[in-house]
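Visitor: Hey, I'm new to this and want to get a feel for a structure. Can you walk me through one?
Guide: Sure, let's bring it up and chat about it.

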Amino acid sequence: MSKLESTWLDLRCLDDLANQQTVVHSLNPCSKLLTTLAFSVIVTSFSKYEVTGLFPLLLYPIALITLGKLPYLQLAKRLLFIAPFVGFLSIFNPLLDQSLFAVFGPFSITGGWISFLSITIKLVLTVTSALILIATTGMNSICTALLQLGMPKPVAIQILLMYRYLHVLLEEFLRTVQAYQLRSFTAKGIHYHAWGSLLGQLLLRSIARAQRIYQAMLCRGFNGQIPFHSAASWNKSDQAYLLLWLAFFLGCRLVNIPQALGKLLTGGLS
Amino acid sequence: MHMADALISPVVGGGMWVAAASLVSYAAKKVQQDIDEQKVPLMGVLGAFVFAAQMINFTIPGTGSSGHIGGGILLSVLLGPHAAFLTIASILTVQALFFADGGLLALGCNIFNMGFLPCYIAYPFIYKPLTGPAPSPGRIMTGSIIAAAAGLQLGSFSVVMETLFSGISELPFSTFVLLMQPIHLAIGLFEGIITAAVIAFICREAPDILKNAALSQPLGSLAIRKVLVIFLTLAFITGGALSWFASSNPDGLEWSISKTNGEEELTATDEIHEFFSQLQEKVSFLPGYNFKQAATTNQPVTERSNSPAETAWPAVDTGTSTAGITGSLVTLVLAYFIGKGLQVAAKR
């Protein structure tokens, strides 16, 4: 499957997920956005050798995935696409950082491996939390939330229009590339003879489409302003959601829960 | 070239967020001042165009590999720098949200690296002077190749700096730069050639589009210079000074808490401690699995101990590690079951 096709399917899939009706979906987008941002900050604020302290934070994605009825597999697939770049940068840690961390009989664990593990967990946490946000909220609601938080209106309009036409253009590009491939004998990629003309044709078509859209907007009374529907109301449940998660994140940050639990169970405290 | 959340520190991420947010609101103000309201749908559609075009693979002649278009320079040529910057920012936002390319905290870094640098540096200072007011196909070719390559070089260098200031990756500066810059020079040249091919095609087939774009976007040189100075200073302050501060106090949050408490750890009173140790004797189902004694006989070997921060770390304590691993496993199981329990609760 080409990247165009998989992107298009992913967008559709996330849109469908965002249209569900669950407890998480019905929350105020603002509180979900703020919670996600706080989560990212807390996760990244852990030291680079922290592994165990990050585990309790897994409760956040797990709880939201189950409550929001999201498919684990879909999120895991996305994670695999992102992994290479981060893996490339962090795989040097075990090679360069040889300081001893712990010894278990014949095995010794170096700091490099610990930091590598830490980066991997952080990657899983941050990537899933971002995907969960979009899969439980949807683009329109996130834009209204961003507006409420002070994002300039032209930016919100830009994101929404772009997102709307992304679906249309992806479909069109998919057809164009398919048509090109059916008529060419090389299996992958566009030959350099067609670089300018293929993309240029698509560009001209897109600009013509933008002009038609503009005319359609004028017909519907566009005067340079795009009205936004008013933001969702902020209920007590939204407040509770935000505050409870914030308290949980801070608790995880200040107390190493697995360490404390382990000590309690193995008798390390006495 | 997307920075990922897992590789940056909150200080760098937050600093770049502030810089990117100010840039975005500046660009939004500039775009609003532009009377051409036809640009509203055009920006949206061109954003979608670049997003989708990045997924098309172009075969690199003579090699088995393929590359794709960048977009920063092409959008600047078609829309002018302010609208192009906003468009790139919107593309990166959608990529961060839907495809987790980069991440939410790293979004500021990515907007700066892939939006600000090509639109506000490479386009006005490289592309514009090289192509001049009446561009010929040859000039467009050189202009866009050099501008795209330079924009990407600046961007990848910025990735290196942001990663270094975050201090998560162990890669030393020189190795990292030597890894990143040549790869991105090749990618940049390739992106430049595709950009040039597209602009040349538009020049031939629909020259009006480029003329309109060039006319409707007078680039206030004074304003741009002011913005540049402000944001470079901002970036240096946040990146340099704050990271230095953060790395000398590796754990900012703990540090601030110890400051507010005046103590490193909260000390419990004897009675509470007594109660909990009694409670613990009852709960601990794995007593005696504590390797603390063994750890003290196996003295930790720290290979590098240059700075005080490093001598303080790592505290090799197998007892703590075992407790950590046991606790982590229990935590994972707990997290899973709490999640499942929530699902059951939600169904009722």
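Guide: One term before we start: a residue counts as buried when its relative accessible area is under 20%. Also keep in mind that this is a predicted model.

Visitor: OK, so is B:Leu7 buried or exposed?
Guide: Buried, because its relative accessibility is 2%. B:Leu7 sits in the segment before H1 of chain B.

Visitor: And which residues does B:Leu7 touch, if I skip those up to four places away in sequence?
Guide: On chain A it touches Val86, Leu89 and Ile119, and on chain B it touches Ser166 and Ile168.

Visitor: Chain A turns up there, so how many residues of chain B are in contact with chain A?
Guide: There are 112 of them, and they meet 110 residues of chain A. The area buried between the two chains is about 10000 Å², with carbon and sulfur atoms giving 77% of that.

Visitor: How many salt bridges does the rule find across that interface?
Guide: Zero between chain B and chain A. For polar contacts, the count between the chains is five residue pairs, with both residues at pLDDT 80 or more.

Visitor: Which element gives the largest share of chain B's side?
Guide: That's H14(B), with 22 residues. As for the kinds of residue on the side of chain B that touches chain A, 71 are nonpolar, 30 are polar and eleven are charged.

Visitor: Switching topic: how many aromatic pairs are there over all chains?
Guide: The count is 20. One of them is A:Trp113 with A:Phe116, an edge-to-face pair at 5.6 Å centre to centre and 90° between the planes. Both lie in helix H6 of chain A, three residues apart, about one turn of the helix.

Visitor: What about the pair of A:Tyr163 and B:Phe98?
Guide: That one is stacked, at 5.0 Å centre to centre with 25° between the planes. It crosses between chains, from helix H8 of chain A to helix H4 of chain B. A:Tyr163 is buried, with a relative accessible area of 7%, and B:Phe98 is buried too, at 1%.

Visitor: Which residues do ring pairs link into a cluster?
Guide: A:Phe39, A:Tyr60, A:Tyr241, A:Trp245, A:Phe248 and A:Phe249.

Visitor: Last one: what is the phi of A:Lys69?
Guide: It's positive, about 55°, although A:Lys69 isn't a glycine. Most residues other than glycine have a negative phi. You'll find A:Lys69 in the loop between helix H3 and helix H4 of chain A.

Definitions and conventions: Residues numbered from 1 in each chain as written. Chains lettered and ligands numbered in written order. Predicted model: local features only at pLDDT ≥ 70, side-chain atom pairs only at ≥ 80, totals over all residues. Heavy atoms only, no water. Contact = heavy atoms within 4.5 Å. Buried area = accessible area lost by both parts, 1.4 Å probe. Salt bridge = Lys/Arg side-chain N within 4 Å of Asp/Glu carboxyl O. Polar contact = N/O pair within 3.5 Å; in protein donor to acceptor, adjacent residues only side chain to side chain. Helix = DSSP H or I, 4+ residues; strand = E, 2+ residues; numbered from the N terminus. Nonpolar A, V, L, I, M, F, W, Y, C, P; charged D, E, K, R; others polar. Buried < 20%, exposed > 50% of the residue type's maximum accessible area, 1.4 Å probe, protein only. Phe/Tyr/Trp six-rings, centres within 6.5 Å; stacked < 30°, edge-to-face > 60°.
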